Every structure is written in C-alpha cells, then in structure tokens.
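Reader: I'm new to reading protein structures, so please give me a close look at one contact between two side chains. After that, walk me outwards from there.

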Amino acid sequence: MIIGAVFIKKPKIFPFFVIAFLVWINYNNIKIPDFLPYNNLYQAALPVQYKNFGEGWYFLNNIGRNLGLTYNQYKMWSLILIGIILFIVSRILIGETSNLMWGLYLLCPALVDVIQLRFYTALAITLLAIPFILKKKLWSTLVAICIILFASKVHSSAHFYLLLIFCPLAGKDPKKFRNLLFAFTAVAIVFRSLTSTILNNFLNERTLTYVDPNSTATAHGTLLIPLFIVDILLVFLTNNYIANIVVGNSIFSTEDINYMSFVRNASALMFVLIPISLISGEFFRVFRIMYILTYISIAILAKPNRKYMSKSFLFGSSPVYFKAEYVGIAFVIVMFAINILYLLPSAYSSFFR
C-alpha cells in the first residue's frame, strides 16, 4: 500500500483504502496497548469517572453510548470520522487528493496514532483549525481557538497547539521568529523548574504524574531527548528546505505559499517541546501533528511533477536533481528508523504478532 501510494498517482480512492485498513486492523483487536483501560472507561457512564480524561472525551464517549455502540464499534466509527477529517483537511490544503501523503503517513506514525485514540481524536480536531488559522482573519482565528480549546478538552496536551495561531504572524520575518523561539527554548531549559510550574497549570491529576521526578515517564523522556531533538531538527530542515523552493515560486499557488510559510514556522515552534519533553517524554506526543503537516508539504512539492535541482549535493561537478517523492521516501524512512527505537515496536507487535 505504501509503495503504491508513492508511485501510483491514481486511483484517487486510495485514502479510503488506508482508512479501511486502519479500521480493519483495529476492530476487535484487544491486544493493542490502552485498549482495556479505555474500554473500561467507556463502560462508565458517570462524568466524575472522566475527571482525569477530559470533559470532551466524556462528551464523545457518551454519544457512542447513547447510540448503543460497544467500545470496538465506537473505535471503528471514530477512526472513520478521523480519516474523513484528514481527507478533508488535506484536500483543502493540497488542493487535490494526494496518495503520496497517505502512503507516507501509513508507514509512520499512523499505527501509533490509532492506538492512542483519545490523543488522536484531539489531534484530528486540531487539524480542522489549520485552514482557519491560514485565513489570517480575526474571525477565523477565533474559530481556530475555539476548535483547539475543544480538542484540549479531549486531551489536555492539545493546549500546546494554541501556539500555532502565532505562526502566520511571523511569515514576513521567519528568521527573527526562529531566533526568538530558539532563545525561548534555551531559557526554558535553563529555568526548568519555572517551565514545570507553568506547565502544571494545564495538567489534570492524571497528567500531573508525568511531571513527577520519580516517575518512569520522566526518566523515559530524559533518556530519549536526543531522539526527540533529531525528530524536531529533521522536520524543521525538511519544511524549511521545501519552503525555500515553494515560497516566491510562480508555479505554486498563493495557497501553497501561505501554507509553506505557516508550516516552516510551525516546525520551528516545535523546538519549544525540547524543555517540555525534558520534564516528561509523554509530552512529546504533541509533535506528531508535524508528521501530517510535513507530508502535506511534500505533497505540495510534488504537485507540479517536476525535478528540483539541489546545489547542496553535487555529483562530480554537476548538481543533483530529485523528485519530491524521493524526498518523502527518504524523510519517512529516516523518521521511521528513529521512532522504531523507542515507541513503534509495541505498536507493530500488537497489530501483527
């Protein structure tokens, strides 16, 4: 399926094959991580039992219960609706259905996303806010804020995505915006206790355990911070490189240029996750929105079906020409190789053992 997505431009129904595949391997699969606790929670109809899981998650679960759905059926319909959201948002941002985006996403990190259904739901809701952020209007920004705030009621870590509304404001001077973020990141690392205090204001009782210095989550985050930094750096370099090609290039639409200006700044924003992840590796999950946004960037680069010259890499004395599909393949293989080191093994074994 992944190879077909990269090399076959048609059929355009490929995204629905991906959605159906993800639903198929999840349905009635009780071996995947988090299934039992969330299944037990789903059976609980009282809001008080959702105190540490968010009012939004209770609201969505209650819809499923009122419709008489089992948790497996609720998961199935959730994944279908999330898939439709991904399809609609990518259609708006790319301007056409992109098999390439879906194929890259299927390799990494789709399987982790569908396991962590509550966070995945919050991420999908947040994606609905991106087209409104790109409009750069007061009313659209307010709509985006409302959407993200609802997402944060499903999973509190979505509060971080409120920072995305500032990314379009830095479009005219991205270098200054990046320098400001890098300086902020350095200060947040140095004043780690202050960062932790600020972070506590957005956490509930369950997620407060993440910032416990004696918790395994905190130790896990400290050990894996080099991998997190590599993830953040590669995504930033990829989007910055694509933005340098797209922005100001007449073969791309105004919408493409606006998106690439936004996603370059969003990639730089992710450096702020470094001091937060030092407190606990659990918070790094919010970075996963950047995979989808980066795959959309690669799909935008691929739209003209052209080869691009790279002066950074020479074959002898001649510049190297490449296609966007090859950028996508190289990017996702590297990211998959990094992520398999600390998170994906349990995902793959739970689906395919």
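**Starting from one contact**

Author: Find Lys-303 and Asp-256: their side chains meet in a salt bridge, with N and O 3.1 Å apart. (The term asks for a side-chain nitrogen of Lys or Arg within 4 Å of a carboxyl oxygen of Asp or Glu.) Keep in mind that this is a predicted model, where local features need pLDDT of at least 70, side-chain atom pairs count only at pLDDT 80 or more, and totals for chains, interfaces and linings use all residues. Residues are numbered from 1 along each chain as its sequence is written, and side-chain values use heavy atoms, leaving out hydrogens and water.

Where do Lys-303 and Asp-256 sit along the chain? Lys-303 is in the loop between α17 and β1 (307-315), while Asp-256 belongs to helix α15, residues 254-269, so the salt bridge links distant parts of the chain, 47 residues apart. (Helices, H or I of at least four residues, and strands, E of at least two, are DSSP runs numbered from the N terminus.)

Now, which partner is buried and which is partly exposed? Lys-303 has 29% relative accessibility, so it counts as partly exposed. Asp-256 has 3%, so it counts as buried. (Buried is under 20% relative accessible area, exposed is over 50%, and partly exposed is in between, using a 1.4 Å probe and protein chains only.)

Stay in the loop between α17 and β1 for a moment, because Asn-305 lies there too. Asn-305 isn't a glycine, yet its phi is positive, about 55 degrees. With a relative accessible area of 47%, Asn-305 is partly exposed. Asn-28 is another residue that isn't glycine but has a positive phi, near 60 degrees. You'll find Asn-28 in the loop between α2 and α3 (35-43). Most residues other than glycine have a negative phi, and most peptide bonds are trans.

Speaking of peptide bonds, have a look at Cys-108 and Pro-109: the bond joining them is cis, with omega about 10 degrees. Pro-109 has its place in the loop between α6 and α7.

That loop takes us to the other salt bridge, as the structure holds 2 of them. Here Asp-113 pairs with Arg-288, and the closest N and O atoms are 2.6 Å apart. Asp-113 is in helix α7 (residues 110-115) and Arg-288 is in the loop between α16 (273-279) and α17 (289-302), so this pair ties together parts that are 175 residues apart in sequence. Asp-113 and Arg-288 are both buried.

On the other side of that Pro-109 loop, how many of the residues of α6 are buried? It's 9 of the 9, so α6 is largely enclosed by the rest of the structure. Among those buried residues are Asn-99, Met-101, Trp-102, Gly-103 and Tyr-105.

Two of these names come back in one last spot: Trp-102 and Tyr-105 help line the largest cavity, along with Ile-19, Leu-22, Val-23, Leu-79, Gly-83, Leu-86, Val-114 and Tyr-120. (A cavity is a set of points on a 1 Å grid over the protein atoms alone where a 1.4 Å probe fits but cannot get out, and lining residues have an atom within 4 Å of a point.) The elements that give two or more residues to this lining are α2 (14-26), α5 (71-94) and α6 (99-107).

Technical notes
On a 1 Å grid over the protein atoms alone, a cavity is a set of points where a 1.4 Å probe fits but cannot get out, and a pocket is an open set with protein on both sides within 12 Å along at least five of seven lines; lining residues have an atom within 4 Å of a point.
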